[in-house]
Amino acid sequence: MAKNDREELTGLLGCPVDENPTGAVMEAAYRALGLPFRYVTMLVRPEGLAAAVAGLRAMHYRGVNLTIPHKVAVLPLLDALSPAAQITGAVNNVTFEDGVARGENTDGKGLLRSLRQHGADPRGKRLTVLGAGGAARAIAVECALAGAESVAVVNRDPGRGEELARLVNERTSAKARYVRWEGTAPVPEGTELLINATSVGLYPDASRPDVDYGGILPGMVACDAVFSPPDTAFLKAAAARGARTIDGLGMLVNQAAHNFTLWTGREAPEEVMEKALRAEFGLA
Ligand code: NDP
């Protein structure tokens with residue numbers, strides 16, 4: 001058989017993108033399985049996105065991730081969308097296959113898998129999501145699609161909060177409502193799963209979201225989307241109230257693992273990926 005030196009190309013488009021750790025994680029995973037894949041981190045400004053996607057098609061890229069500010073802007077450049085991408089209106093993964101560019105949102109799927117790995121499947125559960133930005137939308141929609149009983153969206157900006165509750169109500173079978181966040185955010189009574197999807201606590205910010213921590217009860221599960229540092233002030237405060245906690249590294253590793261499988265068709269070496277991610281963050 002003829003020797004094949006061509007590599008399968010994958011990567012990340014973003015702006016800024018210089019300090020994104022995904023490249024190290026994906027390259028470690030490809031190496032671990034001996035796959036001829038590469039992951040290239042690319043600076044693409046908003047005005048260059050259409051040309052960049054045309055270039056990816058021309059160069060037969062297998063797939064890419066998208067980060068700020070491209071997750072919504074990329075939609076009109078794609079041929080097909082997964083249900084989660086369609087509902088959230090945001091794409092962080094594109095897979096090219098037979099000339100078709102298909103958009104997916106793996107952020108929510110990463111969180112969902114992380115919850116399940118910790119024995120906290122949202123099916124039939126009452127969920128509270130703090131925040132209504134991109135991560136919160138992906139999380140709320142994916143957990144609702146996975147059978148959550150209800151989703152309370154607690155957000156400072158009522159427009160964004162109401163919009164997310166409306167999306168979940170109209171497009172999934174979960175019951176959703178918007179809860180006002182003025183000053184201190186309430187933890188709605190009956191919450192079983194509390195997820196911080198605000199950006200509060202992301203390095204170098206060491207603060208915690210202004211939440212009524214007295215409303216967190218033993219037996220509740222508290223989960224953070226913030227992954228750097230993994231031991232956020234939010235999780236420490238929730239643990240002090242007796243909640244079981246799940247950090248944001250699991251969501252990050254699992255969404256990367258999902259991307260890996262979409263592009264390679266192989267099961268991801270998750271331990272290798274987590275180790276590479278921890279090394280990127282200087283963690284043990
Ligand atoms: P967005 O900018 O889209 O949304 C930010 C959200 O945080 C908004 O709802 C905003 O509320 C809220 N917020 C910001 N500051 C405060 C504050 N001081 N008090 C209360 N609410 C606040 O960000 P993303 O959704 O993209 O990201 C959110 C977090 O999730 C980030 O830390 C990101 O790193 C993390 N993330 C983690 C992933 C993982 O794999 N672990 C994947 C993707 C994201 P308002 O609407 O009122 O302004």
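A residue is taken to be near a molecule if one of its heavy atoms lies within 4 Å of it. In this predicted model, 22 residues surround the ligand, and the closest are A132, A135, D157, R160 and A225. Two of these alanines can be followed down to individual atoms: a backbone N or O atom of A132 lies 2.9 Å from an oxygen atom of the ligand, and a backbone N or O atom of A135 lies 2.7 Å from an oxygen atom of the ligand. With R156, by contrast, the atom concerned belongs to the side chain, where an N or O atom is 2.9 Å from an oxygen atom of the ligand.

From the ligand we turn to the packing of three helices, namely helix 1, helix 8 and helix 9. Two packed helices are described by the angle between their axes and the distance between the axes.

Helix 8, which spans residues 249-264, packs against helix 9, residues 270-280, at an angle of about 130 degrees, with the two axes 10 Å apart. This angle makes helix 8 oblique to helix 9, and the crossing of the two is right-handed. On the side of helix 8 the contact is made by L249, L252, V253, N254, A256, A257 and F260, while helix 9 contributes E270, M273, E274, L277 and R278. Sorted by class, the residues of this contact comprise eight nonpolar, one polar and three charged.

Helix 9 also packs against helix 1, which covers residues 22-32, and here the angle is about 145 degrees and the axes are 8 Å apart. The crossing of helix 1 and helix 9 is again right-handed. From helix 1, the residues A24, V25, M26, A28, A29 and A32 meet V272, M273, A276, L277 and E280 of helix 9, and this contact divides into 10 nonpolar residues, no polar residue and one charged residue. M273 and L277 of helix 9 thus appear in the contact with helix 8 as well as in the contact with helix 1.

The remaining pair is helix 1 with helix 8, whose axes come within 11 Å and cross at roughly 50 degrees, and the two helices are therefore oblique to each other. Their crossing, too, is right-handed. V25, M26, A29 and Y30 of helix 1 make this contact with A256, F260, W263 and T264 of helix 8, and by class it holds seven nonpolar residues, one polar residue and no charged residues. A256 and F260 of helix 8 take part here and also in the contact with helix 9, just as V25, M26 and A29 of helix 1 face helix 8 and also meet helix 9.

Notes
Residues are numbered from 1 along each chain as its sequence is written. This is a predicted model: local features need pLDDT of at least 70, side-chain atom pairs count only at pLDDT 80 or more; totals for chains, interfaces and linings use all residues. Side-chain values use heavy atoms; hydrogens and water are left out. Axes are lines fitted to C-alpha atoms, for helices over the stretch in contact, and angles run from 0 to 180 degrees between N-to-C directions. Helices (H or I, at least four residues) and strands (E, at least two) are DSSP runs, numbered from the N terminus. Angles under 35 degrees count as roughly parallel, over 145 as roughly antiparallel, 65 to 115 as roughly perpendicular and the rest as oblique. A crossing is left-handed if the near helix is turned anticlockwise from the far one by less than a right angle, and right-handed if clockwise. Contact means heavy atoms within 4.5 Å. Ala, Val, Leu, Ile, Met, Phe, Trp, Tyr, Cys and Pro count as nonpolar, Asp, Glu, Lys and Arg as charged, and the others, Gly among them, as polar. A polar contact is a pair of N or O atoms within 3.5 Å; within protein, one must be able to donate a hydrogen and the other to accept it, and residues adjacent in sequence count only if both atoms are side-chain atoms.
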